[in-house]
Amino acid sequence: MKTQTYDVVVVGAGAAGMMCAIEAGRRGRSVRVVDHASKPGEKIRISGGGRCNFTNTGTSVANFLGENPRFAASALGRYTQADFVKRVDGAGIAWHEKTLGQLFCDDSAKQIIRMLTDDMRAAGAVMSLGVGVERVERVGDGFEVALTDGSVVKCASLVVATGGKSIPKMGATGWGYELARSFGLRVTETRPALVPLTFEPGLLEKTAPLSGLAVDVSVTASPASSRPKGGRPTFEEAMLFTHRGLSGPAILQISSYWREGEAITVKMAPGVDVLARLKAAKQENGGKQAVHTALGHIVPRRLAEVLTAREGANGKLAEVGDKVLARLDQAVNAWTVKPVGSEGYRTAEVTLGGVATDQLDQTTMETKSVPGLYFIGEVVDITGWLGGYNFQWAWSSGWAAGQAA
């Protein structure tokens with residue numbers, strides 16, 4: 001059996017793992033990166049429609065969830081979004097800012113992967129792809145890692161950067177959580193996040209005519225004691241009606257805060273006094289305008305037609321009382337709906353929960369009870385909003401571990 005020795009072994013060739021490998025290598029540490037996938041950075045490659053939303057200019061602790069989101073402050077403060085942008089600029093990668101501070105490559109996400117793999121190579125890190133981990137044992141002050149290719153690797157520092165359970169078709173598993181538990185570490189409840197929400201059949205029947213329709217909304221989750229810390233924010237972005245329920249950026253965002261049995265409240269014309277607008281339209285031309293036509297000037301026409309039919313507001317404005325118009329106002333801007341579930345890990349962009357932050361040193365990402373064992377990126381109970389925040393956490397936590405491992 002072939003045995004090799006490295007200072008650092010990183011399990012996971014994703015954003016956090018590659019970042020850590022680069023930083024540790026630059027410090028003169030011998031580094032081996034292993035991943036069971038055949039290519040590095042697959043989640044980077046598919047993110048942002050293939051253009052990688054690699055960070056967000058507004059990144060702060062307020063954009064993260066978990067038992068203790070403030071845990072992320074140290075890493076985020078020491079390696080910031082501006083630091084990563086400098087690295088991207090240094091690699092000659094052109095980028096642009098979309099809405100809400102989201103930064104994307106002009107060309108391809110593969111440029112980010114190439115930048116990272118080039119930097120790893122320059123730092124002397126060795127990468128082994130298509131190789132999984134069979135077992136990990138504590139041996140003396142270090143670790144012994146048996147790999148699926150039959151080799152054994154010994155190391156002083158072991159860094160777990162295996163991500164969460166989201167997008168299993170890309171090879172995602174809960175291995176990192178299992179390893180943490182095997183070393184006696186606490187793992188918080190995990191669940192799909194940044195994921196479309198689903199409706200029960202009766203509700204789906206009502207929303208089916210709207211499938212494929214997008215509308216700019218403001219959405220809020222009901223308060224709940226079970227929710228991880230991170231407040232009860234309102235998100236103002238696009239929502240998409242689907243044949244299963246709801247999707248779109250606003251829904252993906254709120255899914256991280258929503259829990260089964262709870263409702264969400266949606267404003268489909270945020271900032272608009274729908275009742276006042278309909279009453280004003282009623283005064284014009286003797287109220288000859290059809291109700292759905294008037295409402296169609298406020299929300300998309302297909303939505304207006306469905307809502308007026310549902311509220312029994314067919315016909316002309318003159319024929320409809322103010323009470324019915326008030327109901328329409330509520331239907332548009334106080335739609336409270338109870339999803340039955342989500343589409344699960346299959347389509348979830350990230351996993352909420354993970355290795356509990358009270359088990360880790362916030363400066364180094366090292367476990368407090370097992371010297372030399374580190375957890376970084378998505379496997380940790382720190383989850384960002386949609387919009388580049390999770391990548392920034394990967395860069396920052398990977399950088400922090402790379403200074404110490």
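Modeller: Two strands pair if DSSP finds at least two bridges between them; helices (H or I, at least four residues) and strands (E, at least two) are DSSP runs numbered from the N terminus. The model is predicted, with local features needing pLDDT of at least 70 and side-chain atom pairs pLDDT 80 or more, while totals for chains, interfaces and linings use all residues. Residues count from 1 along each chain as its sequence is written, and side-chain values use heavy atoms, without hydrogens or water.

Biologist: Which strands stand at the edges of the open sheet of three strands?
Modeller: The order in this antiparallel sheet is 3-6-5. Each edge strand has a single partner, so one side of it is left without a neighbour in the sheet; the two are strand 3 (53-56) and strand 5 (95-97).

Biologist: Which residue is the bridge partner of Thr55 in strand 6?
Modeller: Strand 3 and strand 6 (residues 102-105) run antiparallel and are joined by three bridges. In strand 6, the partner of Thr55 is Leu103.

Biologist: Which residues of strand 16 are buried?
Modeller: Side chains alternate along strand 16 (residues 264-267), and Thr265 and Lys267, on one face, are not buried (under 20% relative accessible area, 1.4 Å probe, protein chains only). Pointing to the other face, and buried, are Ile264 and Val266.

Biologist: Which residue of strand 17 does Ile264 stand opposite?
Modeller: Strand 16 is joined to strand 13 (residues 214-221) by four antiparallel bridges, and there Ile264 is the bridge partner of Ala221. Strand 16 also pairs with strand 17 (residues 335-337), antiparallel and over three bridges. In strand 17, the residue opposite Ile264 is Val337.

Biologist: What covers the buried residues of helix 11?
Modeller: Helix 11 (residues 301-310) has Leu303, Ala304, Val306, Leu307 and Thr308 buried. Their cover, judged by contact (heavy atoms within 4.5 Å), includes helix 7 (201-207), strand 14 (234-241), helix 10 (291-295) and helix 12 (322-333).

Biologist: Which residue with a positive phi follows helix 11?
Modeller: The helix spans residues 301-310. Beyond the helix comes a residue with phi near 65°, Gly312.

Biologist: Which element gives the largest share of the lining of the largest cavity?
Modeller: A cavity is a set of points on a 1 Å grid over the protein atoms alone where a 1.4 Å probe fits but cannot get out, and lining residues have an atom within 4 Å of a point. Among the residues lining the largest cavity are Lys206, Phe241, Met268, Leu303, Val306, Leu307, Arg310 and Trp335. Helix 7 and helix 11 are the elements that give two or more residues. The largest share, four residues, comes from helix 11.

Key: Buried < 20%, exposed > 50% of the residue type's maximum accessible area, 1.4 Å probe, protein only. 1 Å grid on protein atoms, 1.4 Å probe; cavity = no way out; pocket = protein on both sides within 12 Å on 5 of 7 lines; lining within 4 Å.
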